[in-house]
Amino acid sequence: MIPTARLTNKDVAEKLRLIGDILQIKGENRFRVLAFMNAAESIANWGQDLYSLHAAGELDSIPGVGKAIAADIGHLLETGETPFLQELLAEVPLGVVEITRIPGMGPKKAARLWHELDITSVEALKAAAEAQQLRGLKGFGAKSESKILQGIELWARKKDTRTPLGVARPAALDLIAQLQAVVPAALRQIEVAGSVRRWQETVGDLDILCVSDQPEAVMAAFRALPIVVEAVVSGPTKTRVRLANGLECDLRVVAAKHWGAALQYFTGSKEHNVALRELALKQGWSLNEYGLTATGPENTEVFFADEAELYAFLGLEWIPPELRQNRGEIEAARQHHLPDLITVDAIRGELHGHSTFSDGKTSIAEMAEAARARGYSYWLVSDHSVGLGITGGVDAAKLQQQRRIIDDLNQQWQRQGEDFRLLLGTEVEILADGALGLADDVLARLDVVIASIHSSLRQQRDVITARCLRAVQNPHVDILGHPTSRLLGSRPATDINVEAVLQVCAATGTVVEINAHPARLDLNDVYTRRAVELGCKIAISSDAHEPADMDLLEYGVHTGRRAGLSPTAVINTRPLTEMLALLKH
Ligand code: DGT
Ligand code: CA
Ligand code: CA
Ligand code: ZN
């Protein structure tokens, strides 16, 4: 039972999706297709390691995974392949599957192009469209040829190019601010929707929704904004533009009475919407982006001024956008059991930040001032330890210097009756063998110790997992920093066994960090959910290297919200003494 290469949950989900796609091309039963698609979705969002579940014979405990699909997954994990998929791939060329992923193309069209014109790759499709060979087919015309070519261009550009939320969100808010500056009188409401509103860690495109009596003026102003490069679609109610940074943005104008349903619809996620629509249907209503229409003979229509009214009409509490992932939130909203979600305001201090003693850009005193200005009551100075190749990493002597600076500042605040304290810690490097970059007796003198991995990131799974486990078992290590060390868009997560690490963190009382920097968001939402299930305590910090970085905290808080995180699970929502009492030593 030796797998050639270890598959991630995402790899397995992709294979299952591929099976679903091929079954669709073959025109198989819709429910059979759905079974694979649902299993794929479920596994992509599953925080637990599939290999250990498989070893325990419990793959079918995953929602949406029945016995038959569990057996396919078992084959995948053991051999990297499944006989079923092999069979399907022998029948249907992979290029035909790829064609289904082109915008505007679906399994039916792809199957026809394959059977009738023997087109089995995107390249062949492009050539055929350019050579005007498609218009001979029934139902295809000159117009569909140019649409297909546009679709192919989009597909080529889109492949693997989701934008980190840290880039997409400011861009969307900026667009809104610019529009508000140019046509303030024309805008009655405006709001960001789509994945940005749900704080998903990466974003395909931006979606903005507004209410206006002057849609033409709003659309013209939008197309004329300086950061807009070109209009891709120009219409009275929908305009799609490309921005200078390559992102695309949809702007939709809706009538005031449609606002509630439209904002709900365009916020998504698609999966949440599908489930909500099913719930509405059961109650005799058909839901779309305008409102509800009775499915009975009278076709009564109901409209909603805001989202909360729509959810209430369906018997649900308003669901925060971060939770709209079809992972049980609709049922929870029905039973008034939605979690009490963490907010930015609940954070009382930060437990990860840097100064000029390592790679920070600002002195301890200036960082402290910035933290105080934000209303925090504590802030941890946690510079990198020596041994990371960062000039000026802290050693025992430098930590003593830092202690003197911090003591002085704390005494001043105490004299002035200020509710603010600096804490001294370090972000100690977990060395390649799991030993720490500073000796235990040095760590013992610090208020809070974070341990994290920044080097030897490509170690094998067993090696890097054991390395991390050794570190979190150290009684002086209070917090595990950015557990997977990924950098969104530039560096994949290490191959660490997160499940095993979280279990040991829970057992040892080691706090797990959500590093809020939008390039990290590590732990991510899925693993955070799992960490809380396992009983881990969480810290959310911005890992600030200069005062402006402290603004990034919200990305971590909203990642926590996507995980259903409540303030009580987050140690830095507590007052200082309570927070310190929750640490290991
Ligand atoms: P993205 O852009 O890939 O990061 O993700 P979204 O969620 O922003 O997706 P997008 O931009 O394609 O569409 C925005 C929202 O519109 C989406 O979250 C839900 C809704 N929507 C779009 N297409 C469909 C659809 O085919 N069915 C349903 N139920 N909702 C849709
Ligand atoms: Ca979008
Ligand atoms: Ca969109
Ligand atoms: Zn750091």
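Select Glu191 and look across to strand S4: the residue standing opposite Glu191 there is Leu209. What you have open is a predicted model. Widen the selection to the two strands, S2 and S4, which run antiparallel and are joined by 4 bridges.

**Strand S4**

Stay on S4 and look at its other partner, strand S7 (residues 248-254). S4 and S7 run parallel, with 6 bridges between them. To see one of these pairings, pick Val211, whose bridge partner in S7 is Val254.

Now show the side chains of S4. Leu206, Ile208 and Cys210 point one way from the strand, while Asp207, Leu209 and Val211 point the other way. Is S4 mostly covered or uncovered? It is mostly covered, with 6 of its 6 residues buried.

**Salt bridge Asp213 to Arg188**

Next, select Asp213 and Arg188. Their side chains meet in a salt bridge, at 3.0 Å from N to O. Asp213 sits in the loop between strand S4 (206-211) and helix H12 (215-223), and Arg188 in the loop between helix H10 (165-182) and strand S2 (189-192), so this pair ties together parts that are 25 residues apart in sequence. Both Asp213 and Arg188 are exposed. This is one of 34 salt bridges in the structure.

**Salt bridge Arg242 to Glu248**

Move to Arg242 and Glu248. They form a salt bridge in which the closest N and O atoms are 2.4 Å apart. Are these two residues buried or exposed? Arg242 is buried, and Glu248 is buried as well.

**Salt bridge Arg403 to Asp447, then a network**

Select Arg403 and Asp447 for another salt bridge, 3.3 Å from N to O. The pair links distant parts of the chain, 44 residues apart: Arg403 is in helix H18 (residues 396-415), and Asp447 is in the loop between helix H19 (440-443) and strand S14 (448-452). Arg403 has a relative accessible area of 22% and is partly exposed. Asp447, at 25% relative accessibility, also counts as partly exposed.

Then select Asp205, Asp207, Glu230, Lys238, Arg240, Arg242, Glu248, Asp250 and Arg252 together. Salt bridges that share partners join these residues into one network. Two stops from earlier in the tour, Arg242 and Glu248, belong to this network.

**Helix H21**

Go on to helix H21 (residues 498-508) and colour its buried residues: Val498, Glu499, Ala500, Val501, Leu502, Val504 and Cys505. Which elements cover them? The cover includes helix H20 (461-472), strand S15 (479-480), strand S16 (511-515) and helix H22 (525-533). Step just past the end of H21 to Gly509, which takes a positive phi of about 75°.

**Helix H23**

The last stop is helix H23 (residues 553-562). Of its 10 residues, 9 are buried, so the helix is largely enclosed by the rest of the structure. To display the buried set, select Leu553, Tyr555, Gly556, Val557, His558, Thr559, Gly560, Arg561 and Arg562. Add the surrounding elements to the view: what covers these residues includes H10, strand S11 (349-350), S16, H22 and strand S17 (538-541). S16 and H22 will already be familiar, since they also figure in the cover of H21. Finish at Gly564, just after H23, where phi is positive at about 75°.

Key
Residues are numbered from 1 along each chain as its sequence is written. Chains are lettered from A and ligands numbered from 1 in the order in which they are written. This is a predicted model: local features need pLDDT of at least 70, side-chain atom pairs count only at pLDDT 80 or more; totals for chains, interfaces and linings use all residues. Side-chain values use heavy atoms; hydrogens and water are left out. A salt bridge is a side-chain nitrogen of Lys or Arg within 4 Å of a carboxyl oxygen of Asp or Glu. Buried means under 20% relative accessible area, exposed over 50%, partly exposed in between (1.4 Å probe, protein chains only). Two strands pair if DSSP finds at least two bridges between them. Contact means heavy atoms within 4.5 Å.
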